[in-house]
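Biologist: Got a minute for this one? I'd like to go through how the helices pack, then look for empty space.

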Amino acid sequence: MKFRAKIADAACLNHFTRVSSMVAKLAKTCTVRISPRQLNFILADKVASGGVSMWCELEQENFFSEFQMEGVSAENNEIYLELTSENLSRALKTAQNARALKIKLTNKHFPCLTVSIELLSVSSSSRVVTHDIPIKVIPRKLWKDLQEPVVPDSDVSIYLPVLKTVKSVVERMKNISNHLIVEANLNGDLNLKIESELVCVTTHFKDLGNPPSASADASHGRDPEQMAEVHVDIRKLLQFLAGQQSTPTKAVCRIVGDKVLHLDVLHEDVSLQYFIPALS
Amino acid sequence: MPLLNQQIQDEKDYSLVASLDNVRNLSTILKAIHFREHATCFATKNGIKVTVENAKCVQANAFIQAGIFQEFQVQEEPVTFRINLTVLLDCLSIFGSSPMPGTLTALRMCYQGYGYPLMLFLEEGGVVTVCKLNTQEPEETLDFDFCSTNVINKIILQSEGLREAFSELDMTSEVLQITMSPDKPYFRLSTFGNAGSSHLDYPKDSDLMESFNCNQTQVNRYKISLLKPSTKALVLSCKVSIRTDNRGFLSLQYMIRNEDGQICFVEYYCCPDEEIPESES
């Protein structure tokens, strides 16, 4: 098992740093999947057991100038590691304005992901900062739990409004209630709703547009006015929103009635899927 | 805003209808008196008064006069209800408390009468939020009987002169002692804390002093924990009037200029803590 990679471009480096800090906001510990073409950040609390799950995907060649890996075996050319996301994002924060970044799988008494950052300095001598992030290598037999989640057929899918507005609305709503009702229809309407003994608050977003649906979708032939709704834990949605520091290229919300809220976000070439299970 | 119109078919059915182009002209004033969860609202043709009280010793009133609103209608006077102020403020700032420059949140507020919820319709950039806040039985509020004819001493200060003093009050002191006098030290704030006593004197001819009308030396103590919340109003205000009456009751009136340059008032009343023995003053 071998892995070493290098980022030499400043823009790629900043983008990678942003991705890692987004992941750190969404998941305390995450799984990093390394394959010849892709890098994934995975959180897999099973939806069935009440947790959220996340699948973040980036093409290695869009970020790395060098990328060498050797998986556990020739037929399973992949590596799965578990690490504390905060450790990685903190290490990468020092890489802002750095000249280059190297990531390597090492074994220093215990398995590590070693991040070396070459910093610019006024004099010609360069400085290198090295972080050793402890990791746990995930054995082959557990891989099956960490596969890309199957997106269930949604009742309604809709483009999300400006996330900053959604975030401030959800933040206030969290002060009042733990449960949030998300409802949307195929007419471009999205409502966020809380109901408590003291107050009922509904925020209506209009004309958001619906992405063209695959014909196999459950939404096929649906009355455009009819709302699909899902109840979710408001803190889990807020956690997702807090992680979205920059405006995404595309953001879609899918409601699978009373089962799951699926948020599908694209930041340039990094795709993030986030699944919040419905509260019963 | 078709949604807003369709929900309010007949305005005659409502005892209170008010609308505001900039919700912050209301929420900022309400934040200045937000030191307890609940507030009592009184609406008359002149505007809305919102009252918050604590420990039967301190009362804060915020006045939002009818002219602040773009539309203001009251059917029967006075319209009175009690409301959860914390939740009301969360609703009013649903689109964020510091919005992007150039975007305003508009508000329309309707109350049908006793037993009905207070309806709020907020709109920003085409997004509409509807809030249905349950109202509660109004409670009797305190009458401090603070009458201007009984006022002994009165000072008007620019708020910046008091801001630092209040934000750095020694909270280990149980009381804030206020001395007002026609002679030295004129106006003195004293605390008696764990680290010792501190006195802060304002000279009569200070630039911060807008007016000075003290007729008789008065030394009164007020519970610091009751006065500290008034810092919220102080921070927002441009001027403050400090008055004491013949019973030693304290009135603090804060003049607050809103984003549209209009003036609103917030006032705090506080009763004195105890009689001070002669020897100490």
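Modeller: Vocabulary to start: angles under 35 degrees count as roughly parallel, over 145 as roughly antiparallel, 65 to 115 as roughly perpendicular and the rest as oblique. This is a predicted model, where local features need pLDDT of at least 70, side-chain atom pairs need 80 or more, and totals for chains, interfaces and linings use all residues. Residues count from 1 along each chain, chains are lettered from A and ligands numbered from 1 as written, and side-chain values use heavy atoms without hydrogens or water.

Biologist: OK, α1(A) and α2(A): what angle do they pack at?

Modeller: About 150°, with the axes 8 Å apart (lines fitted to C-alpha atoms over the stretch in contact; angles run 0 to 180 degrees between N-to-C directions). α1(A) covers residues 10-26 and α2(A) residues 85-93, helices being DSSP H or I runs of at least four residues. The two are therefore roughly antiparallel.

Biologist: Left-handed or right-handed crossing?

Modeller: Left-handed, so the near helix is turned anticlockwise from the far one by less than a right angle.

Biologist: And which residues meet there?

Modeller: From α1(A), A:F16, A:T17, A:S20, A:S21, A:V23 and A:A24; from α2(A), A:S85, A:E86, A:L88, A:S89, A:L92 and A:K93. Contact is heavy atoms within 4.5 Å. By class, that contact has five nonpolar, five polar and two charged residues; Asp, Glu, Lys and Arg are charged, Ala, Val, Leu, Ile, Met, Phe, Trp, Tyr, Cys and Pro nonpolar, the others polar.

Biologist: What about α3(A) and α3(B), what's the angle there?

Modeller: Residues 163-176 of chain A and 85-92 of chain B pack at about 165°, axes 9 Å apart. That makes α3(A) roughly antiparallel to α3(B), and their crossing is left-handed. A:R172, A:N175 and A:I176 touch B:V87, B:D90 and B:C91. The tally for this contact is three nonpolar, one polar and two charged.

Biologist: Switching topic: how many cavities are there?

Modeller: Five of 30 Å³ or more. A cavity here is a set of points on a 1 Å grid over the protein atoms alone where a 1.4 Å probe fits but can't get out; lining residues have an atom within 4 Å of a point. The largest cavity holds about 90 Å³, the space filled by probe spheres on points joined across faces, edges and corners.

Biologist: Which residues line the largest cavity?

Modeller: B:L26, B:L30, B:C41, B:I48, B:V50, B:F81, B:L88, B:M109 and B:L118. Two elements of chain B give two or more residues each: α2 (24-31) and β3 (47-54), strands being E runs of at least two.

Biologist: How do those lining residues divide by class?

Modeller: Nine nonpolar, no polar and no charged.

Key
On a 1 Å grid over the protein atoms alone, a cavity is a set of points where a 1.4 Å probe fits but cannot get out, and a pocket is an open set with protein on both sides within 12 Å along at least five of seven lines; lining residues have an atom within 4 Å of a point.
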